[in-house]
Amino acid sequence: MSKKIIDRLQKDHGDAVEETSDFRGDHEARVKAKSWKKVALWLRDDLQMDHLIDLTAVDYPEREPEEPRFEMKLFVRSTKTNERIRLATRVGDGEKIDSLVEVWRGANWAEREVFDMFGIPFEGHPDLRRILMYEEFEGFPLRKDYPIDRTQPLVAYRKVEGTDKLPPFGPDEGQPWGRIDWQKRLDGEEVQVSPSIGVQSGDRKALSTGPEHGE
Amino acid sequence: MEPHYEALEDENTLELPSEPMRLNMGPSHPAMHGTIRMVLELDGESIVDVDIQPGYLHRGFEKSCERGTWNQVFPYADRLNYVSPMLNNVGFALAVEKLIGLEIPERGTYYRTILGELARISDHLTCNGASAMELGAFTPFLWLIKVRDWIWDIQEQETGARLTHSFGRIGGMAAPPTDGFKESVLAIFDEIDHAMMESEALLLKNRIFLDRTQNIGNLSQEHAIAMGCTGIILRSTGVDYDVRKAYPYMFYDRFDFDVPVGHDGDNYDRFICRFEEIRQSMSIIRQALEQMPKSGPVSCDDVRYVYPDKSDVYNTIEGTIAHFKLVMEGLKPPPGEVYSFTEGGNGELGFYIVSDGSGTPYRVRCRPPCWYNLQACRDMLLGDMIADIIPTFGSINMIGGECDR
Amino acid sequence: MGTVKQVIGGLDAGFVTTKFNDLLAWAQKYSLFQYPFVTACCGMEFMAVAGPRYDMARFGAEAPRFSPRQADLLWVVGTISQRQAPALRRIYEQMAEPKWVLAFGTCASCGGFYDNYTTVPGIDKIIPVDVFVPGCPPRPEAVFDGLMLLQEKIQTGKKGPLVVPPAHLPKLAQLRQKGSTVDFGTAEIQRLEAERGEDVKLLEPGDGEG
């Protein structure tokens with residue numbers, strides 16, 4: 001990662017930069033969504049960042065409605081100088097963002113995957129369709145409010161004798177960690193549910209109730 | 001009465017309407033190493049266009065990681081690039097250790113390096129063996145699998161499992177090396193050399209093999225870089241990028257090894273690069289075995305992140321509490337995000353992790369080298385024939401678990 | 001004048017057809033043409049099973065036939081995702097009778113630890129399965145256990161799916177390396193077996209081992 005790049009970015013595109021950070025040696029610059037493609041082109045052309053490493057997104061649903069929900073991350077590298085930079089931007093639910101396929105061809109599949117997993121539409125993408133899931137799938141799996149065990153089978157399951165699970169067993173039954181129930185959390189309930197039977201029936205309190213690092 | 005024929009001066013005057021034929025290959029197909037679907041548009045036997053459709057092995061790695069603790073990611077991470085599971089384990093462990101700022105003892109780092117390079121050797125052996133088999137040469141496949149079984153014997157001796165062992169831990173490894181580790185590893189190196197030499201003798205002068213791999217599946221440097229390719233695919237086009245040399249991690253700067261770089265970006269270059277990389281990995285392992293401290297812990301002793309000794313857990317209250325908290329709540333790295341990358345079997349394997357300070361990961365993104373390499377496969381295949389799909393696809397070493405996660 | 005009663009069938013004819021069925025079953029079980037439907041990590045163990053050390057050819061099951069029309073044993077090796085399920089179903093339907101299915105690995109048997117939106121929780125939800133081989137990935141020895149169970153099933157005509165059981169404890173204890181310092185808990189094992197009323201005779205190092 002490189003501090004020089006952050007400095008030049010702030011010099012040349014200072015108006016687009018919202019925040020920079022340097023955590024554990026990773027330099028990141030967050031830019032406005034509308035300058036996403038402009039800054040990417042500048043990185044490729046002026047700074048020879050020709051090697052696309054990754055393009056992905058993270059979902060922070062609790063930021064809404066003040067801040068946009070998704071944070072897109074772009075990782076690029078220069079083959080000549082070995083420098084790296086991480087670029088970020090925030091996109092809201094339903095907002096479009098520019099596609100970077102014209103900047104780096106490798107962004108094609110990366111953006112299709114972000115669309116498939118998060119539902120972020122890309123403006124200008126030549127072939128935006130699902131890539132990891134099938135076309136009939138509804139919903140976007142990596143969003144926090146998509147429950148992990150909601151299956152949408154393409155082939156109807158056969159009836160197999162003796163395999164129905166009895167309630168209250170579920171996939172996390174008896175697991176000791178605090179699983180975040182996102183539905184409840186987004187509805188405003190602050191509880192972090194440990195899905196063990198005792199907690200569900202109210203016999204004991206959930207374990208782990210939050211971060212320990214002074215936040 | 002004579003029949004009346006159209007004036008057929010020349011074949012070219014015949015206007016035969018032709019459209020490209022669409023053929024579906026996969027998702028269950030013997031030539032598809034991983035499980036991939038390719039929709040080919042063919043003009044006769046040449047490929048006009050190919051639509052590669054991955055995703056048939058999507059197993060929800062990233063979503064599953066958000067459900068457990070940090071250490072419970074290791075079994076999932078193992079099954080990413082399942083032919084070299086140690087490399088994924090090490091990659092993830094390094095990412096979380098970077099986030100925490102944790103240093104592990106030297107012996108642990110050397111141990112990780114040696115097991116990781118052994119995994120890399122078995123990855124390349126599998127890829128080359130399977131490529132040879134797909135071209136009809138079954139014998140080198142059997143020889144290389146024989147040798148791979150010996151490597152897996154060592155993995156079993158050390159970790160307890162042949163393939164997906166989940167042996168890495170945040171803060172070190174699950175257990176220290178066994179007593180006969182160095183001897184067992186050195187004992188099989190001669191056999192690996194021998195098997196590779198025999199396979200090369202069989203293949204590299206064979207007219208059929210050369211015709212089917214040379215100048216097939218060419219990829220130019222510009223395309224490779226723009227597509228985000230890394231690893232053997234990029235190095236075979238002539239770009240000298242290996243994460244171990246460019247951004248040395250663990251103790252790779254202490255070892256003296258070369259990085260094989262190809263020239264044309266065709267299947268032949270990739271095949272040769274892989275064999276050369278095996279030899280370089282063996283050299284790294286020899287040096288690491290020399291330099292590794294003979295005794296000492298392999299994991300750090302910070303009980304916030306690493307299980308304390310069982311004797312402490314059973315006899316002291318601090319040990320019990322530390323163990324309890326690690327098992328029930330998981331270790332708690334500070335909130336933040338990092339991207340950490342290592343040289344996986346296929347290229348730059350990166351882990352971008354976001355932590356919210358709790359014992360459960362908030363987001364674990366695996367940057368799969370195969371994903372970008374597979375995108376470049378389309379460029380490699382255009383213009384070639386159907387029969388060239390098999391060697392080209394085999395030489396990419398697309399591992400479904402890593403590609404589709 | 002008597003009436004002539006013709007006995008059609010009878011013991012002799014039954015003997016011949018039974019023996020013929022046995023012969024047919026014997027031929028089928030030792031010449032299984034497999035369709036390796038390989039998707040994931042278990043594929044690596046599948047390669048090892050076909051490799052020179054654990055040799056599948058000894059059981060007659062080596063020849064892979066990559067067309068469902070020509071195969072009679074469908075090895076489902078690895079995780080089946082929801083997207084892959086229609087392909088699997090279609091391949092099973094395209095196979096001609098008699099056909100058998102072997103679920104290789106935990107993901108094929110029950111979904112494994114991928115309990116999520118994208119994995120089929122066991123291929124028996126899609127196609128009928130004859131033998132389940134659990135393991136992640138199963139050791140080649142377990143795969144052979146499964147193959148031999150399947151062969152037994154073909155020979156005896158048993159109905160219903162079979163599962164490869166875990167190795168019996170005393171045998172496990174007998175697999176100690178010579179002079180190994182690892183404690184396999186033999187005292188504990190003997191105590192447990194004694195409670196269960198079974199007779200355990202454990203080998204000592206140097207006891208008839210090559």
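Which residue is the bridge partner of A:V58 in β4(A)? The bridge partner of A:V58 there is A:E71. This report describes a predicted model, beginning with the sheet to which that pair of residues belongs and moving on to the contacts between chains, chain B and the nonpolar core.

## The sheet of chain A

β3(A) and β4(A) are joined by eight bridges in the antiparallel sense. Both strands belong to an open sheet of five strands in chain A, ordered β1-β2-β5-β4-β3, in which the pairing is mixed. At its edges stand β1 (17-23) and β3 of chain A, each of which pairs on one side only. On average, neighbouring strands of this sheet are turned by 20 degrees against each other, direction ignored.

Two helices pack on this sheet. Helix α1 (residues 3-12) of chain A touches β1, β2 (26-31) and β5 (84-91) of chain A, and its direction makes about 20 degrees with that of β2(A). Helix α3(A) touches β3 and β4 of chain A, and its direction makes about 10 degrees with that of β3(A).

## Contacts between chains

Chain A touches chain B as well as chain C. In the contact between chains A and B, 38 residues come from chain A and 45 residues from chain B. On the side of chain A that touches chain B, β3 (51-59), β4 (70-77) and α3 (107-118) of chain A each supply at least two residues. The most is given by β3(A), with six residues. By class, this side of chain A has 18 nonpolar, 10 polar and 10 charged residues.

Towards chain C, 15 residues of chain A are in contact with 11 residues of chain C. The side of chain A that touches chain C divides into 10 nonpolar, two polar and three charged residues.

## Chain B

Chain B contains 16 helices and eight strands. Its C-alpha atoms fill a box of roughly 115 × 45 × 30 Å, taken along the principal axes. Of its 405 residues, 57% count as buried. Among contacts in chain B between residues at least 6 apart in sequence, 70% join residues at least 24 apart.

Three strands of chain B form an open sheet in the order β1-β2-β3, with antiparallel pairing. β1 (21-25) and β3 (46-53) of chain B are at the edges with a single partner strand each, so one side of each is left without a neighbour in the sheet. From one strand to the next, the twist averages 20 degrees.

Further along chain B, strand β7 (residues 348-355) pairs with β6(B) and with β8(B). Seven of the eight residues of β7(B) are buried, so this strand is largely enclosed by the rest of the structure. In the pairing with β6(B), B:E337 stands opposite B:V354 in β7(B). The hairpin of β6(B) and β7(B) has four residues between the strands, and B:G347 takes a positive phi near 145 degrees in that hairpin. On the pairing with β8(B), the bridge partner of B:Y352 is B:R365 in β8(B).

The following table lists antiparallel strand pairs of chain B.

| Strand | Partner | Bridges and sense |
|---|---|---|
| β2(B), residues 37-43 | β3(B) | seven bridges, antiparallel |
| β6(B), residues 336-343 | β7(B) | eight bridges, antiparallel |
| β7(B) | β8(B), residues 363-367 | five bridges, antiparallel |

Within the pair β2(B) and β3(B), B:L42 has B:I47 in β3(B) as its bridge partner.

Chain B also shows a packing of two helices. The axes of helix α4 (residues 106-134) and helix α15 (residues 386-396) of chain B come within 9 Å and cross at roughly 175 degrees. The two helices are therefore roughly antiparallel to each other. In this contact, B:A130, B:S131 and B:E134 in α4(B) meet B:I390, B:P391, B:G394 and B:S395 in α15(B). The contact residues comprise three nonpolar, three polar and one charged.

## The nonpolar core

In soluble globular proteins, nonpolar side chains tend to be buried together. The largest nonpolar core of this model has 200 residues, and those with the most contacts inside it are C:V76, C:L102, C:A103, C:F104 and C:I123. The largest share of this core, 12 residues, comes from α4(B). Apart from its neighbours within four places in sequence, C:L102 is in contact with C:L73, C:W75, C:D130, C:V131, C:V133, C:G146 and C:L150.

How values were computed: Residues are numbered from 1 along each chain as its sequence is written. Chains are lettered from A and ligands numbered from 1 in the order in which they are written. This is a predicted model: local features need pLDDT of at least 70, side-chain atom pairs count only at pLDDT 80 or more; totals for chains, interfaces and linings use all residues. Two residues are in contact if their C-beta atoms, placed from the backbone, lie within 7 Å. Ala, Val, Leu, Ile, Met, Phe, Trp, Tyr, Cys and Pro count as nonpolar, Asp, Glu, Lys and Arg as charged, and the others, Gly among them, as polar. Axes are lines fitted to C-alpha atoms, for helices over the stretch in contact, and angles run from 0 to 180 degrees between N-to-C directions. Angles under 35 degrees count as roughly parallel, over 145 as roughly antiparallel, 65 to 115 as roughly perpendicular and the rest as oblique. Two strands pair if DSSP finds at least two bridges between them. A nonpolar core is a set of buried Ala, Val, Leu, Ile, Met, Phe, Trp, Tyr and Cys residues joined through C-beta atoms within 7 Å. A residue is buried if 20 or more other C-beta atoms lie within 10 Å of its own, exposed if 12 or fewer, and partly exposed in between; C-beta atoms are placed from the backbone.
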